[in-house]
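User: I am new to this structure and would like a careful, close look at a single part of it. Please begin with the general picture, and then take me through the part you choose.

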Amino acid sequence: MSEERKYWFNMNTRQVEHGMLSPAAYRVGPFDTAEEAERAPQKLQERAQAWEEEEQAEDDWGAPAGGEQ
């Protein structure tokens, strides 16, 4: 399926779009279904949280146990 036929989530309007209707700066996707596109904000939040946890773990690597320095 070409990207023109997929679904996108517009972060500006908070709406699902079929095809590349809005500027790329506002679009998240592509997704195969409208339902997947609708869940884009939740998925982005989950990924951001996971990245934050990974960065925190990397920052804490090698630090003494118990937060002592």
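**A close look at strand S3**

Analyst: The chain exposes about 5,600 Å², and carbon and sulfur atoms supply 46% of that area. This is a predicted model, in which 17% of the 69 residues of the chain count as buried. The secondary structure comes to 2 helices and 3 strands, which run from the N terminus in the order β-β-β-α-α.

The part I have chosen is strand S3, which spans residues 27-31 and includes arginine 27. Arginine 27 is buried and yet has no salt bridge, because the nearest side chain of opposite charge, that of glutamate 17, is 5.4 Å away, whereas a salt bridge requires a side-chain nitrogen of Lys or Arg within 4 Å of a carboxyl oxygen. A polar atom of the arginine 27 side chain does, however, lie 2.8 Å from the backbone oxygen of serine 22. If neighbours within four places in sequence are left aside, the residues in contact with arginine 27 are Trp8, Phe9, Glu17, Met20 and Ser22.

Further along, strand S3 also holds proline 30, which is joined to glycine 29 by a cis peptide bond with an omega of about 15°. This deserves a pause, because most peptide bonds are trans.

To place strand S3 among its companions, it helps to look back along the chain, where strand S1 (7-10) and strand S2 (15-18) are separated by a loop that contains arginine 14. Arginine 14 has a positive phi of about 65° although it is not a glycine, and at 45% relative accessibility it counts as partly exposed, whereas arginine 27 in strand S3 is buried.

Note on methods. Residues are numbered from 1 along each chain as its sequence is written. This is a predicted model: local features need pLDDT of at least 70, side-chain atom pairs count only at pLDDT 80 or more; totals for chains, interfaces and linings use all residues. Side-chain values use heavy atoms; hydrogens and water are left out. Helices (H or I, at least four residues) and strands (E, at least two) are DSSP runs, numbered from the N terminus. Buried means under 20% relative accessible area, exposed over 50%, partly exposed in between (1.4 Å probe, protein chains only). Accessible areas come from the Shrake-Rupley method with a 1.4 Å probe; for residues, only the protein chains shown count as cover. Lys and Arg count as positive and Asp and Glu as negative; His and the chain ends are not counted. A polar contact is a pair of N or O atoms within 3.5 Å; within protein, one must be able to donate a hydrogen and the other to accept it, and residues adjacent in sequence count only if both atoms are side-chain atoms. Contact means heavy atoms within 4.5 Å.
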